[in-house]
Amino acid sequence: MSTAEAETGRTITTDIPARLDRLPWSRWHWTIVIGLGTVWILDGLEVTVVGNIASRLSEPGSGLSISSGQVTGVAAALYVAGACSGALFWGRLTDRWGRKRLFMITLAVYLAATALTAVSWEAWWFFLFRFLTGFGIGGEYAAINSAIDELIPADYRGRVDLMINGSFWLGAVGGSLLSIVALNTDLLAANVGWRLTFALGAVLALVILLVRRHVPESPRWLLIHGRDREAEEIVTGIERQVEAEKGERLSEPRGVLEIHQRKSVTFMEIARTVFGEYRKRAVLGFSLFIGQAFLYNAITFGFGAILTKFYDVPADHTGYYFAVIAVGNFCGPLLLGKLFDTVGRRVMISSTYLLSGLLLFGTAWLFDRGSLSASTLTACWCAVLFFASAGASSAYLTVSEIFPMETRAMSIAFFYALGTAAGGISGPLLFADLTSTGRVGDTVLAFCVGAALMCAAGLVAAFLAVRAERRSLEDIARPLTAVASRARAATRGASQGSGNGPKAPPAASAP
């Protein structure tokens with residue numbers, strides 16, 4: 001690595017991004033997946049538990065003077081508002097202060113807030129800490145997705161990102177089954193069961209926090225912030241671990257990058273880059289997030305009401321049905337994730353969005369004809385969400401890799417906040433009215449709205465999705481701090497080999 005002095009900072013020539021991207025899959029990468037990815041399980045647990053235990057919280061003897069509508073309405077809206085504001089607040093700090101500092105802080109905020117939720121004695125206390133729980137989770141999305149994409153080799157980035165974002169649904173399965181236990185007053189008192197579910201979330205967060213201490217700062221972030229010596233030490237340490245595990249020397253990296261180091265990038269530069277230079281990519285991100293947000297609200301927001309109103313499923317049994325569709329949600333990213341790295345982003349993103357939208361149209365038609373039972377409707381939802389979950393996870397992958405490094409966390413935060421606000425605020429306002437009337441036609445309309453927006457997003461992806469598979473992040477979007485001539489040289493080096501990047505190791509070694 002060579003350096004040259006510049007008037008406002010140093011200009012360095014580095015091969016660190018190429019060294020990270022040429023690494024084979026190893027135990028070290030699994031520590032990253034476990035340390036950073038498992039937080040989505042907590043998010044799924046939180047969201048599902050609150051929805052399923054709403055009836056218990058509103059009953060006399062729960063320890064709270066609160067209605068079921070306040071739990072699923074006010075508390076849910078505050079959680080969403082917290083997630084949106086947290087994403088924007090922490091996202092900006094993630095780009096300025098670093099990935100590691102923020103993914104430790106945001107998890108600590110979540111841990112404290114969910115623990116305090118467990119000891120709520122008044123409704124206002126419950127509402128306040130639901131907001132703060134969301135505030136921590138929103139920050140996690142920006143910090144974690146940034147770190148994952150910058151630490152995982154290019155050959156595996158797509159499947160790993162999808163698998164991690166899809167793990168939300170493992171938490172949803174756990175939340176569904178846990179709520180069944182929490183609602184059983186033969187096992188737990190009415191004022192104890194729901195508190196234990198939140199306490200469990202805090203305990204799991206503490207375990208993740210301890211594991212996360214061993215995850216390093218992103219070397220890519222260190223490079224552009226004048227801390228190239230730290231970046232060199234981290235990458236050298238990783239290479240030694242991987243070589244010791246594999247028993248052979250690593251291949252030589254291809255390509256270098258010249259960066260003019262800066263302490264920070266202004267908010268106006270970020271906005272001008274994302275909405276000016278990359279405006280087509282911004283349209284893509286907007287379309288993907290809005291489409292998946294409305295589809296999920298069309299299906300999942302009123303799923304309990306649909307089952308109880310149309311199929312007479314007891315309220316305390318809806319958790320079983322939700323657990324089934326949650327499994328379908330997780331299987332989508334798990335089984336389809338590799339194809340996003342091999343078949344390619346454009347084909348897979350557009351096809352998963354279009355397939356899920358078309359299948360939901362088909363489900364709406366069968367529902368309108370009265371051809372479905374509670375079980376077959378759930379089976380249809382599983383088919384829809386198998387593809388929709390992979391598509392929704394790819395939305396997070398897309399916005400985390402198609403914008404320059406200096407804007408990455410803020411871009412994730414912006415599109416996440418936009419999609420979450422649309423799905424978590426306007427979605428429930430629309431779909432709650434449609435699914436609560438008990439009229440078949442209104443529920444069919446809810447399904448069709450979600451399906452139409454998902455198909456529209458799929459068509460946008462067919463034209464605008466970026467072919468980012470197996471390409472370095474610096475090749476997909478040149479860093480704002482990169483010196484143009486050397487960045488082009490790095491791109492040429494990174495593109496040698498089999499098309500878009502180095503040949504992938506055997507699939508058996510990948511997650």
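The expected span of a helix is 1.5 Å times one less than its number of residues. That yardstick comes back in two of the views below of this predicted model.

**Figure 1. Helix H16 and its kink.** Helix H16 covers residues 318-342, 25 residues in total. From its first C-alpha to its last it reaches 38 Å, close to the expected 36 Å. Still, H16 has a kink of about 40 degrees, and Leu336 sits at the centre of that kink. Look just after H16 for Gly344, which takes a positive phi of about 125 degrees.

**Figure 2. The whole protein, for orientation.** Here we have 511 residues, 58% of which count as buried. The fold has 22 helices and 3 strands. Take the contacts with a separation of 6 or more: 84% of them are between residues 24 or more positions apart. On the outside, the protein exposes about 19300 Å², and carbon and sulfur atoms supply 63% of that area.

**Figure 3. Helix H6, end to end.** This helix runs through residues 99-118, so its 20 residues should span 28 Å at 1.5 Å a residue. Its end C-alpha atoms are 29 Å apart, which agrees. Plenty of H6 is tucked away: the buried residues include Arg99, Leu102, Phe103, Thr106, Leu107, Tyr110 and Leu111. Further along, Ala113, Thr114, Thr117 and Ala118 are buried too. One piece of background helps when reading such a list: an α-helix has 3.6 residues a turn, so residues three or four places apart point the same way.

**Figure 4. A salt bridge between H6 and H7.** Arg99 appears again here, with its side chain meeting that of Glu150 in a salt bridge (2.6 Å, N to O). Glu150 belongs to helix H7 (residues 123-151) and Arg99 to helix H6, so the pair ties together parts that are 51 residues apart in sequence. Are these two partners buried or exposed? Both Glu150 and Arg99 are buried.

**Figure 5. A salt bridge between H10 and H7.** Arg212 and Glu140 form this one, and their closest N and O atoms are 3.1 Å apart. Since Arg212 lies in helix H10 and Glu140 in helix H7, the pair ties together parts that are 72 residues apart in sequence. Both Arg212 and Glu140 are buried.

**Figure 6. Arg19, Glu232 and their network.** The count of salt bridges in this model comes to 18. One of them joins Arg19 to Glu232, with the closest N and O atoms 3.0 Å apart. Arg19 is in helix H1 (residues 16-21) and Glu232 in helix H12 (residues 228-246), so this pair links distant parts of the chain, 213 residues apart. Arg19 counts as buried because its relative accessibility is 8%, under the 20% cut-off. Glu232, at a relative accessible area of 27%, is partly exposed. Salt bridges with shared partners join Asp15, Arg19, Arg22, Glu232 and Glu239 into one network.

**Figure 7. A nonpolar patch on the surface.** Trp30, Ile34, Leu200, Val203, Leu204, Val207 and Val211 make up this patch of about 560 Å². Which helices each supply at least two of its residues? They are helix H2 (27-37) and helix H10 (193-212). H10 gives the most, with 5 residues. Val203, for one, is in H10. With a relative accessible area of 48%, Val203 is partly exposed, because the exposed class starts over 50%.

Terms used
Residues are numbered from 1 along each chain as its sequence is written. This is a predicted model: local features need pLDDT of at least 70, side-chain atom pairs count only at pLDDT 80 or more; totals for chains, interfaces and linings use all residues. Side-chain values use heavy atoms; hydrogens and water are left out. Patches are made of residues with over 30% relative accessible area and no salt bridge: like charges are joined within 9 Å, nonpolar side chains (Val, Leu, Ile, Met, Phe, Trp, Tyr) within 5 Å. Accessible areas come from the Shrake-Rupley method with a 1.4 Å probe; for residues, only the protein chains shown count as cover. A salt bridge is a side-chain nitrogen of Lys or Arg within 4 Å of a carboxyl oxygen of Asp or Glu. Helices (H or I, at least four residues) and strands (E, at least two) are DSSP runs, numbered from the N terminus. Buried means under 20% relative accessible area, exposed over 50%, partly exposed in between (1.4 Å probe, protein chains only). Contact means heavy atoms within 4.5 Å. The bend at a residue is the angle between axes fitted to the seven residues ending there and the seven starting there.
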